[in-house]
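Here is a friendly tour of the spaces inside this protein and of the molecule that sits in one of them. Have the viewer open as you read.

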Amino acid sequence: MGTDSVEDYRYLAARRRLIETIRSRGIEDLDLLRLFDEVPRHRFLPEGIRHRAYEDAPLPIGYGQTASQPSLQAYVLHVLQPGPDDKILEIGTGSGFLTALLARMGDRVYSVERVRELSTRARKVLDEMGFPNIALLVGDGTIGWRKYAPYDVMTVAAASPSVPSPLVDQLAPGGRLVLPVGSRQEQDLVLVTRDEDGTVHEGTVQERCTFVPLLGKYGWSEEGS
Ligand code: SAH
């Protein structure tokens, strides 16, 4: 996977330390930990920040946005349990790193990003790494991506004042959605599931996290709170 193996080699030890950190935070799922070893996060980051790629921290990716903290992403994946037959919707492509992890776990990934430049940059890296099962869209992800609905797994990487109703509508029976819900400053991670009979359940899986705001029709307005 990928060609710049000298650079990849340089990051190997740091990557192993990151995986130990994720593990020490309670994620014991070996298949999931292995993915963090196989998908090189540094390749998804702007050059100036690459040396910090394997810190367990959110990192700036330009346009006022951040790549999410790896241990938090691992936790979200642990809750969502994407499987090989799952159709996945991601809102907030950002760097594309989580998109790549999702593509390794599921059948197909549909990912929506509102900042065109970020989507373009993610497309380039994902193409270089050779992912055949990812479709990217530039637009407002709070309305979902109706064309390919329903989805078995959904993840939103930006904070919303409430659960956007179009996303719940596009959740398949047996489907699960994780997203941060709360104020602009602080959120809880919420899991929304739909039973096989169609009933929807909602509950908090982790308190107090901080994500960039979800801006759009069913999120925050562009102007401020
Ligand atoms: N998982 C990404 C997280 C990026 S931060 C990563 O680790 O790189 C969240 C992203 O959500 C930002 O890129 C932001 O531009 C995007 N975003 C915010 N509101 C959005 C919306 N309504 N639709 C799609 N993307 C949105």
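## The largest pocket

In this predicted model, the largest pocket has a volume of about 520 Å³. Its lining counts 37 residues, and those closest to the pocket's centre are T66, S68, A157, A158 and V212.

Several secondary-structure elements take part. At least two lining residues each come from β2, α4 (70-80), β3 (87-91), α5 (97-105) and β4, with β2 giving the most to this lining, at three residues. Sorted by class, the lining of the largest pocket holds 18 nonpolar, 14 polar and five charged residues.

## The ligand and its shell

Where does the ligand sit? The space it takes is the largest pocket. Around the ligand there are 26 residues, and the closest are T66, S95, E113, G141 and L215.

Two strands are worth highlighting in your viewer: β2 (65-67) and β4 (108-113) each supply at least two residues of the shell around the ligand. β2 gives the most to this shell, with three residues, just as β2 gives the most to the lining of the largest pocket. In terms of class, the ligand shell is made of 12 nonpolar, 11 polar and three charged residues.

## Polar contacts with the ligand

Which atoms pair up with the ligand's oxygen and nitrogen atoms? On the oxygen side, a polar atom in the side chain of E113 is 2.6 Å from a ligand oxygen atom. On the nitrogen side, an N or O atom in the D140 side chain lies 3.0 Å from a nitrogen atom of the ligand. G141 takes part through its backbone, where an N or O atom is 2.8 Å from a ligand nitrogen atom. As for cover, the ligand taken alone exposes 580 Å², and the protein buries 99% of that area.

## A separate cavity

How many cavities of 30 Å³ or more does a search of the whole structure find? The search finds one. The largest cavity has a volume of about 70 Å³, and its lining is formed by S68, L72, Q73, V76, L98, T155, V156, A157, V178, L189 and F211. S68 and A157 appear in this list, and they are also among the residues closest to the centre of the largest pocket.

Both α4 and β6 (151-156) supply at least two residues of the cavity lining; the largest share, three residues, comes from α4. By class, the lining of the largest cavity has eight nonpolar and three polar residues, and no charged ones.

Definitions and conventions:
Residues numbered from 1 in each chain as written. Predicted model: local features only at pLDDT ≥ 70, side-chain atom pairs only at ≥ 80, totals over all residues. Heavy atoms only, no water. Near = heavy atom within 4 Å. Polar contact = N/O pair within 3.5 Å; in protein donor to acceptor, adjacent residues only side chain to side chain. Areas by Shrake-Rupley, 256 points an atom, 1.4 Å probe, with all protein chains shown as cover. 1 Å grid on protein atoms, 1.4 Å probe; cavity = no way out; pocket = protein on both sides within 12 Å on 5 of 7 lines; lining within 4 Å. Sits in = over half its atoms within 2 Å of the grid points. Helix = DSSP H or I, 4+ residues; strand = E, 2+ residues; numbered from the N terminus. Nonpolar A, V, L, I, M, F, W, Y, C, P; charged D, E, K, R; others polar. Points joined across faces, edges and corners; volume = space filled by probe spheres on them.
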